[in-house]
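Me: I should like to learn how to read the features of a protein model. May we go through them one at a time, with the structure in view?

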Amino acid sequence: MNIEARKIEFIQEFLKLQSEEAISKLEKILKKEKDTSDERLFKPMTIDELNKRIDKSESDFKNNHFKTSSELLSKYK
């Protein structure tokens, strides 16, 4: 059975569930799996990348290429 067929079968069985507890358990499993897969996608910066980002940030600040927190907050009010 391929993955698509397994998903459909799982969904059909899930829709038949009447237990709030079983649904909660499956939700927790799904959230944990999603969090774990998100962590696998995370790739930390190298020291060189971090230093380049710091250098650019400092340069931007010196050249007034930044927004104050007040400017940012006013944008979202």
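**Reading the model feature by feature**

Reply: We may begin with the surface, keeping in mind that this is a predicted model. Phe10, Ile11 and Leu15 make a nonpolar surface patch of about 330 Å². Isoleucine 11 belongs to helix α1, residues 3-16, and counts as partly exposed because its relative accessibility is 47%.

Me: Which residues line the largest pocket?

Reply: Rolling a probe the size of a water molecule over the atoms shows where empty space is left. Here the largest pocket has a volume of about 230 Å³, and its lining consists of Phe10, Phe14, Leu26, Glu27, Ile29, Leu30 and Glu33. Two or more of the lining residues come from each of the elements α1 and α2 (20-41). Helix α2 provides the largest share, 5 residues.

Me: How many salt bridges does the structure hold, and how should one read a pair within a helix?

Reply: An α-helix has 3.6 residues a turn, so residues three or four places apart point the same way. The structure holds 6 salt bridges. One of them joins glutamate 21 to lysine 25, with the closest N and O atoms 3.4 Å apart; both residues lie in helix α2, 4 residues apart, which is about one turn of the helix. Another pairs lysine 31 with aspartate 35, at 2.9 Å between the closest N and O atoms, and these two also lie in α2, 4 residues apart. Lysine 31 is exposed, at a relative accessible area of 51%, whereas aspartate 35 is partly exposed, at 33%.

Me: In which helix do lysine 56 and aspartate 60 lie?

Reply: They lie in helix α3, and because they are 4 residues apart, about one helical turn separates them. Their side chains meet in a salt bridge of 3.0 Å, N to O. Helix α3 itself covers residues 47-62 and reaches 23 Å from its first C-alpha to its last, close to the 22 Å expected at 1.5 Å a residue.

Me: What phi does asparagine 64 take?

Reply: Most residues other than glycine have a negative phi, and most peptide bonds are trans. Asparagine 64, although not a glycine, has a positive phi of about 55 degrees. The residue is found in the loop between α3 and α4 and counts as exposed because its relative accessibility is 58%.

Me: Where is phenylalanine 66 found?

Reply: Phenylalanine 66 is also in the loop between α3 and α4 (69-75). At 40% relative accessibility, phenylalanine 66 counts as partly exposed. Its C-alpha atom is separated by 51 Å from that of asparagine 2, 64 residues away along the chain.

Notes. Residues are numbered from 1 along each chain as its sequence is written. This is a predicted model: local features need pLDDT of at least 70, side-chain atom pairs count only at pLDDT 80 or more; totals for chains, interfaces and linings use all residues. Side-chain values use heavy atoms; hydrogens and water are left out. Patches are made of residues with over 30% relative accessible area and no salt bridge: like charges are joined within 9 Å, nonpolar side chains (Val, Leu, Ile, Met, Phe, Trp, Tyr) within 5 Å. Accessible areas come from the Shrake-Rupley method with a 1.4 Å probe; for residues, only the protein chains shown count as cover. A salt bridge is a side-chain nitrogen of Lys or Arg within 4 Å of a carboxyl oxygen of Asp or Glu. Buried means under 20% relative accessible area, exposed over 50%, partly exposed in between (1.4 Å probe, protein chains only). The expected span of a helix is 1.5 Å times one less than its number of residues. On a 1 Å grid over the protein atoms alone, a cavity is a set of points where a 1.4 Å probe fits but cannot get out, and a pocket is an open set with protein on both sides within 12 Å along at least five of seven lines; lining residues have an atom within 4 Å of a point. Grid points are joined across faces, edges and corners, and a volume is the space filled by probe spheres set on the points.
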